[in-house]
There are 4 protein chains.
Amino acid sequence: MRIGFIGLGKMGSGMARNLLAAGHEVTVWNRSPDKARALEPNGARVAFTPAEACAGAEAVITMLADDEAVHGVVFWANGIADSLARGAIHISCSTISTELARLLAAEHATRGHGYLSVPVFGRPEAAANAKLLVVAAGQKEIIDYCQPLFNAIGRQTIVAGPEPWQANLVKICGNFTIASVIETLSEAFAAIKKSGVNPEVFLGAMNELYNSPVYKGYGQAVMTPGTEPGGFALRLGLKDVRLMLKAADECSAPMPMASVIRDNMLSGVANGQGEFDWSSLALVAARNAGIKA
Amino acid sequence: MRIGFIGLGKMGSGMARNLLAAGHEVTVWNRSPDKARALEPNGARVAFTPAEACAGAEAVITMLADDEAVHGVVFWANGIADSLARGAIHISCSTISTELARLLAAEHATRGHGYLSVPVFGRPEAAANAKLLVVAAGQKEIIDYCQPLFNAIGRQTIVAGPEPWQANLVKICGNFTIASVIETLSEAFAAIKKSGVNPEVFLGAMNELYNSPVYKGYGQAVMTPGTEPGGFALRLGLKDVRLMLKAADECSAPMPMASVIRDNMLSGVANGQGEFDWSSLALVAARNAGIKA
Amino acid sequence: MRIGFIGLGKMGSGMARNLLAAGHEVTVWNRSPDKARALEPNGARVAFTPAEACAGAEAVITMLADDEAVHGVVFWANGIADSLARGAIHISCSTISTELARLLAAEHATRGHGYLSVPVFGRPEAAANAKLLVVAAGQKEIIDYCQPLFNAIGRQTIVAGPEPWQANLVKICGNFTIASVIETLSEAFAAIKKSGVNPEVFLGAMNELYNSPVYKGYGQAVMTPGTEPGGFALRLGLKDVRLMLKAADECSAPMPMASVIRDNMLSGVANGQGEFDWSSLALVAARNAGIKA
Amino acid sequence: MRIGFIGLGKMGSGMARNLLAAGHEVTVWNRSPDKARALEPNGARVAFTPAEACAGAEAVITMLADDEAVHGVVFWANGIADSLARGAIHISCSTISTELARLLAAEHATRGHGYLSVPVFGRPEAAANAKLLVVAAGQKEIIDYCQPLFNAIGRQTIVAGPEPWQANLVKICGNFTIASVIETLSEAFAAIKKSGVNPEVFLGAMNELYNSPVYKGYGQAVMTPGTEPGGFALRLGLKDVRLMLKAADECSAPMPMASVIRDNMLSGVANGQGEFDWSSLALVAARNAGIKA
């Protein structure tokens with residue numbers, strides 16, 4: 001397929017590479033163009049505007065940081081809304097609000113575009129290795145048509161329902177559960193360390209108990225939280241928990257655990273951890289327990 | 001080995017059966033004697049008092065509901081403290097406070113007894129199938145000596161440290177993490193259901209994301225919470241979260257997630273769910289979201 | 001002064017009456033016109049649009065439910081933005097977000113209007129009796145010029161600073177503290193009642209301890225929460241706590257008490273209490289404690 | 001009356017002085033005897049043991065830090081339990097658990113003693129000036145008999161009920177509400193300061209809104225939190241919130257605000273603030289908001 005790919009951060013670069021590797025024709029655009037040019041050796045064509053990435057594309061994929069970025073790239077001058085051909089499809093892989101997903105579905109429909117919300121689970125390594133868990137929602141025919149693209153980037157596709165926002169809600173809830181794992185382990189490790197129990201023992205018990213890649217990865221990260229920028233930034237994790245609280249507010253469902261996580265992430269950001277990996281939430285629990293860095 | 005086994009609830013019965021199956025001589029005692037007699041066909045001898053279960057035993061295992069029960073069975077008349085032979089070992093498998101574990105270690109030491117804290121992870125099915133995750137702490141020599149017993153009841157033994165209470169803290173922290181999974185999924189399912197997303201889709205995504213037996217079991221239970229007494233009672237889950245908060249308080253480590261869980265479990269108990277499985281925490285989240293049963 | 005007054009709910013009606021009583025010429029507009037006509041006997045002129053209320057006015061006062069209502073009445077067709085004379089002043093008394101206050105200040109400035117944020121503390125009785133606590137922010141000269149209006153509606157004026165949004169933040173924080181009083185007393189009364197202590201005794205102790213009109217009013221209301229629509233609706237209280245969390249999020253200040261209140265208010269709304277007075281938050285605490293209505 | 005007075009901390013010293021000033025015969029005991037001897041110029045006799053303070057006394061008053069201290073002074077060797085004359089009365093003014101109050105009532109009854117729980121509201125200044133708010137519970141006849149003592153130390157006596165623990169619950173709930181005021185203001189001031197609003201303006205608005213001595217005192221203290229040991233220590237405030245959560249747990253009433261306060265107080269203690277006044281809770285909110293000291 002001929003596709004446009006917009007947004008070449010840690011996640012998007014890996015996804016675009018895998019689409020190229022699977023034989024698709026990919027025109028890429030990124031706000032800072034060096035990340036776009038980095039894909040030329042893989043066969044990507046580089047566009048100067050989102051509109052150029054849409055020209056001639058059967059589908060355009062967006063993989064951007066937040067609602068604001070997606071909204072801009074769709075609706076601003078030289079954006080997707082005015083450039084995508086009738087009958088072409090916008091596949092939004094970003095973790096965005098259910099509200100924006102509804103707006104995109106409606107606006108694309110009036111322009112004769114297809115629209116799918118297709119958020120993905122997985123960190124940059126999974127994106128690089130085509131091991132993402134893909135959650136797709138929208139019209140079944142469009143999902144079926146795009147399935148080869150999902151196959152190129154992920155290990156499995158889950159269909160969340162006929163309304164695009166449904167995939168976003170599943171993704172937002174899923175990220176909330178991961179944030180909860182991080183906060184929960186952060187609190188447990190603080191108690192373990194202050195009590196004088198070997199944290200490696202607790203980590204081993206957790207891995208034996210859960211036997212889960214999520215706990216394996218985050219257990220280690222939370223036990224020895226880094227302060228290097230990298231991975232999935234805490235400020236983006238905070239953005240996702242905000243999306244959770246917003247979606248829950250819209251349907252009047254209280255989520256006290258999400259509130260605790262939000263408050264502690266905010267404390268992390270207030271204390272300079274915004275660009276650290278979100279496992280640095282452990283530093284907030286440690287600080288509150290009086291553990292010196 | 002010749003052992004006494006005290007406490008034949010859902011967990012203890014399975015453990016005692018597996019010890020018998022492994023060829024150990026087991027004398028059992030339970031407050032309500034019918035559960036003790038139920039093990040006679042498996043070769044158990046039935047004691048009329050804890051003291052009788054200790055008579056001639058190299059080790060006595062306790063598997064009881066809470067601190068109060070363990071304290072009673074050890075220190076009351078005809079209890080373990082006055083009945084166990086010098087050089088014999090008390091293996092406490094119950095989920096008890098670190099404070100009681102320290103008391104037991106000290107009191108047994110003055111009587112010439114060995115003492116191990118050996119809490120276990122796993123639900124009744126795992127106890128029945130000798131698949132428990134065993135966490136042992138205490139003197140290394142005593143742990144080594146008792147290893148055949150742990151092999152008979154569990155799939156693996158993790159050594160938490162030389163102080164018995166260290167195993168209790170690992171167990172308490174571990175149970176806290178499971179309670180957190182239950183509460184987190186409860187909140188997420190409430191939002192998913194109220195928003196009109198198919199909860200089976202979310203469950204599928206969670207299982208694919210975590211690929212963990214804990215999420216498989218509790219994901220299903222939380223999605224369709226039962227109101228039948230059974231499994232691991234909510235009031236016992238509440239007891240464990242109280243132990244977590246107490247241990248964390250002792251070392252001045254705030255655990256806001258544990259506080260949320262405690263408050264919601266308390267709400268469950270206040271609303272008549274004390275004997276339901278602790279996955280019925282989902283009913284609290286549902287009630288708070290105005291979801292009718 | 002010649003003034004327009006837009007928004008004649010429980011608060012606005014009393015404020016407009018007091019402005020009329022103080023001798024000001026007041027043209028009123030309300031979405032449902034019957035509330036506007038009800039002020040004709042007091043000397044008000046009734047406008048058919050917000051624009052008409054602005055015609056010839058030195059100042060226009062808005063007292064509306066939320067950001068959306070204020071935004072609409074300012075920026076939609078026949079709105080304030082396009083109708084107010086150069087040099088005239090918009091006085092926004094509604095409890096709105098600091099973000100909207102900043103937008104209004106900027107937009108009015110470009111049109112040559114003055115703009116003040118002048119939120120008020122007090123319930124409808126205080127509005128009716130000109131006993132409001134007025135918090136004003138904006139250019140000092142404009143505040144001084146409008147002081148007679150504030151004198152007509154309130155018992156005292158506090159100047160919050162030179163930036164209009166500063167008054168909104170003071171108001172939002174103030175309402176948060178009242179919400180906290182309500183939630184705190186709700187929890188305390190639940191424990192008092194369930195324990196079997198006479199709640200009147202506790203109420204008496206609180207009144208003696210605080211000797212404050214806020215505690216007197218809300219203490220009684222929380223002890224015997226009503227289920228009649230009236231007073232200050234819970235859904236509006238929830239709106240204000242959302243504004244608090246939003247303002248705190250913008251400056252990265254975690255507010256865990258506000259989070260708890262938000263979650264419980266959401267539970268109240270989810271359980272059909274949206275139109276009850278916000279003291280009905282007590283019903284959420286009672287429900288969570290298993291107290292039957 | 002001839003009375004014994006045990007516990008001469010910041011509160012007890014003032015209370016004992018006022019009893020002496022009112023003409024009662026007071027024999028005092030304190031763990032560190034210098035504080036006892038400091039009352040000799042006021043006419044106090046100094047006892048060497050609690051038993052001596054009970055000798056010949058119609059009533060003995062205890063004003064101690066916590067459950068442990070009261071329990072020890074009553075039940076240990078030379079304690080009140082074995083020394084108080086039949087028919088004499090133990091008046092417990094300490095903030096203790098409802099559980100200990102029930103134990104004291106039962107144990108004193110078996111010895112033919114009267115027992116009242118008479119906790120007091122007020123800080124050391126109020127104790128010094130006989131302005132305490134006295135909450136008394138127990139048999140009406142005994143309360144009436146002791147009324148002259150309460151008149152000597154307080155401005156008003158509230159009778160909480162016929163069971164002594166009822167006064168303790170009222171006191172515990174009351175202290176919880178004060179802790180909530182402190183935490184609420186701490187969060188609000190953090191947002192106010194980070195946003196760039198003059199905190200004095202917010203303090204002024206609060207005082208105008210609440211017009212309450214509690215807000216006047218704590219508003220100022222929270223706005224400019226001190227780090228000097230003094231006032232009512234944070235570790236004692238934490239003790240009281242623990243008593244609240246314990247009492248609420250016993251009757252299955254969740255108190256999420258109390259949980260937040262407990263967690264933040266614990267963070268304060270973990271960060272070295274245990275001996276600071278409990279208004280230093282504001283430092284926790286400030287730290288979490290990234291405000292530098």
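**Exercise 1. Work out how chain B is related to chain A in this predicted model, starting from a superposition.**

Solution. Let's begin with the overlay: a turn of 180 degrees, with a shift of 0.0 Å along the axis, lays chain B on chain A with an RMSD of 0.0 Å. That is how a two-fold axis relates its copies, so we can name the relation right away. Next, look for the place where chain B comes nearest to that axis: among its C-alpha atoms, the nearest belongs to Ser212(B), at 2.5 Å. Finally, check which surface each copy uses: 100% of the contact residues of chain B recur in chain A, and the same surface serves both.

**Exercise 2. Describe the side of chain B that touches chain A.**

Solution. Start with the head count: 52 residues of chain B are in contact with 52 residues of chain A. Now sort the chain B side by element. Two strands give two or more residues each, namely strand 8 (132-137) and strand 9 (154-161) of chain B. Helices do so too, including helix 10 (199-210), helix 11 (213-223) and helix 12 (234-250) of chain B. Which element gives the largest share? Pick helix 9 of chain B, with 17 residues. Last, split this side by class: you should get 33 nonpolar, 15 polar and four charged residues.

**Exercise 3. Do the same for the contact between chain C and chain D.**

Solution. Here chain C brings 52 residues and chain D brings 52 residues. On the chain C side, the elements that supply at least two residues include strand 9 (154-161), helix 9 (164-195) and helix 13 (256-270) of chain C. Helix 9 of chain C gives the most, with 17 residues. By class, the side of chain C that touches chain D holds 33 nonpolar, 15 polar and four charged residues.

**Exercise 4. Find out how helix 13 of chain C packs with helix 14 of chain C.**

Solution. To describe two packed helices, you give the angle and the distance between their axes. For helix 13 and helix 14 (residues 281-288) of chain C, the axes come within 9 Å and cross at roughly 90 degrees. Angles of 65 to 115 degrees count as roughly perpendicular, and therefore helix 13 and helix 14 of chain C are roughly perpendicular to each other. Now for the residues: from helix 13 of chain C come Asn264(C), Met265(C), Ser267(C) and Gly268(C), and they meet Leu281(C), Leu283(C) and Val284(C) of helix 14 of chain C. Sorted by class, this helix contact has four nonpolar and three polar residues, with no charged ones.

How values were computed: Residues are numbered from 1 along each chain as its sequence is written. Chains are lettered from A and ligands numbered from 1 in the order in which they are written. This is a predicted model: local features need pLDDT of at least 70, side-chain atom pairs count only at pLDDT 80 or more; totals for chains, interfaces and linings use all residues. Copies are superposed by least squares on the C-alpha atoms of residues with pLDDT of at least 70 in both. Two residues are in contact if their C-beta atoms, placed from the backbone, lie within 7 Å. Helices (H or I, at least four residues) and strands (E, at least two) are DSSP runs, numbered from the N terminus. Ala, Val, Leu, Ile, Met, Phe, Trp, Tyr, Cys and Pro count as nonpolar, Asp, Glu, Lys and Arg as charged, and the others, Gly among them, as polar. Axes are lines fitted to C-alpha atoms, for helices over the stretch in contact, and angles run from 0 to 180 degrees between N-to-C directions. Angles under 35 degrees count as roughly parallel, over 145 as roughly antiparallel, 65 to 115 as roughly perpendicular and the rest as oblique.
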